[in-house]
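This report looks at the internal cavities of one protein chain and then at the salt bridges between its side chains.

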Amino acid sequence: MAASAPTKPTACLALADGTVFYGTGFGATGETVAELCFNTAMTGYQEIMTDPSYAGQIVTFTFPHIGNTGVTPEDDETGDPVAAGMVVKWDPTLASNWRATEELKDWLTRTGRIAIGGVDTRRLTRAIRQQGAPHVALAHDPEGNFDVEALVAKARGWSGLVGLDLAKDVTCAQSFRWDEMRWAWPDGYARQEAPKHKVVAVDYGAKRNILRCLASAGCDVTVLPATATAEEVLAHNPDGVFLSNGPGDPAATGEYAVPMIQQVLKADLPVFGICLGHQMLALALGAKTVKMNHGHHGANHPVKEHSTGKVEITSMNHGFAVDAQTLPEGVEETHVSLFDGSNCGIRISGRPVYSVQHHPEASPGPQDSYYLFERFAEAMAERKSA
């Protein structure tokens, strides 16, 4: 019996340094160019792919069992995947989950996202950790025809995330109200029918579960686009202002976000920021941000709160960080990463203005960080009763 011919690779991942990985393509066909990062979470691939903070990035999943929970619209953090592509060790397994409404492969095809399986993700992750997040080109061709030199050239020619404002690309087109609360068994998503606090949430790429957590904490949430002015924010007469997560270089987004935040701070309102919102607040207060070597992307990141000594298991997704050495007088560091000592939280001394780098709404703890939303609600209640 004749030996079968080797299977021809149908996907190619080309790094800017000339390294090439071949594998099996799935999802959409074509090419995409982006920054490559890795995520260590063992669950939540759908939430990761639909997190607007991943705009401009291809995600390598270090956990091999991707696809086994399928896809359900209930788990989308925004309408469609935002991450540019997906890299996995094995071909996705078929869904085995009573909540699944679609297979991962079909979902990626329908939403136009390219993916590659059969890759040595351990080797790839080591390269990212040692050399920094590379620029890459990812191609999927069912016929297996690739111009590798051209793909490497495209990876080298990509401008990268530094100096890139992506919040404008993922923010909402117009303002809207939000009243959906966190998912709970057996009813699913309930509505907030008795809110106590009016909150304006500035959308730099907000995840839906952040808005749900605000609603669950008793907030009547109005979401405004990233480019909203201070006058537009304050016109809603909010009890507090929330600054959302988002993608890209915070310094670039800060060109229009920082002046707005500085004016809002003069209104003496409680302010709470997460992820990019944390970085925007820090910039508005006079601090600086820096590009990290490979960023923080995962659901197992230990973060210590200085005031209590409590260590929280958190979810993170950021490639830039606030430089704690640049925090001005009167601004305290509240949280720090126990992985590398990087800044994970700040507050203005004596004022209900604070922010964190991690994602409390992702709940890997699972309740470790929800107190941050409750603290925000308590600050608004105290201001109204004063």
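How many residues line the largest cavity, and which of them lie nearest its centre? In this predicted model, 16 residues line the largest cavity, and those that lie nearest its centre are Ser 53, Gly 248, His 318, Gly 319 and Phe 320. Two elements, α9 (276-284) and β16 (311-322), give two or more residues to that lining, and β16 gives the most, with four residues. By class, the lining of this cavity is made up of six nonpolar, eight polar and two charged residues, and its volume comes to about 140 Å³.

The structure holds two cavities of 30 Å³ or more, and the second largest has a volume of about 30 Å³. Among the residues that line the second largest cavity are Ile 313, Thr 314 and Ser 315, together with His 358, His 359 and Pro 360. Four nonpolar, seven polar and one charged residues form the lining of this second cavity.

Turning to charged pairs, side chains of opposite charge can pair when their charged atoms come close. The structure holds 14 salt bridges, and the table sets out three of them.

| Salt bridge | Closest N to O distance |
|---|---|
| Arg 191 and Asp 179 | 2.7 Å |
| Lys 207 and Glu 361 | 2.8 Å |
| Arg 375 and Glu 305 | 3.1 Å |

The side chains of Arg 191 and Asp 179 meet in a salt bridge. Because Arg 191 lies in strand β10 (residues 188-191) and Asp 179 in the loop between β8 (176-178) and β9 (180-184), this pair ties together parts that are twelve residues apart in sequence. Arg 191 counts as partly exposed at 48% relative accessibility, and Asp 179 also counts as partly exposed, at 33%.

Lys 207 forms a salt bridge with Glu 361, and since Lys 207 sits in the loop between β11 (197-203) and α6 (208-216) while Glu 361 sits in the loop between β19 (353-356) and α10 (371-385), the pair ties together parts that are 154 residues apart in sequence. Both Lys 207 and Glu 361 are buried.

In the pair formed by Arg 375 and Glu 305, Arg 375 belongs to helix α10 and Glu 305 to strand β15 (residues 289-305), so that distant parts of the chain, 70 residues apart, are linked. Arg 375 counts as partly exposed at 30% relative accessibility, whereas Glu 305, at 4%, counts as buried. Salt bridges that share partners also join Asp 179, Glu 180, Arg 191 and Arg 212 into one network.

Key:
Residues are numbered from 1 along each chain as its sequence is written. This is a predicted model: local features need pLDDT of at least 70, side-chain atom pairs count only at pLDDT 80 or more; totals for chains, interfaces and linings use all residues. Side-chain values use heavy atoms; hydrogens and water are left out. On a 1 Å grid over the protein atoms alone, a cavity is a set of points where a 1.4 Å probe fits but cannot get out, and a pocket is an open set with protein on both sides within 12 Å along at least five of seven lines; lining residues have an atom within 4 Å of a point. Grid points are joined across faces, edges and corners, and a volume is the space filled by probe spheres set on the points. Ala, Val, Leu, Ile, Met, Phe, Trp, Tyr, Cys and Pro count as nonpolar, Asp, Glu, Lys and Arg as charged, and the others, Gly among them, as polar. A salt bridge is a side-chain nitrogen of Lys or Arg within 4 Å of a carboxyl oxygen of Asp or Glu. Buried means under 20% relative accessible area, exposed over 50%, partly exposed in between (1.4 Å probe, protein chains only).
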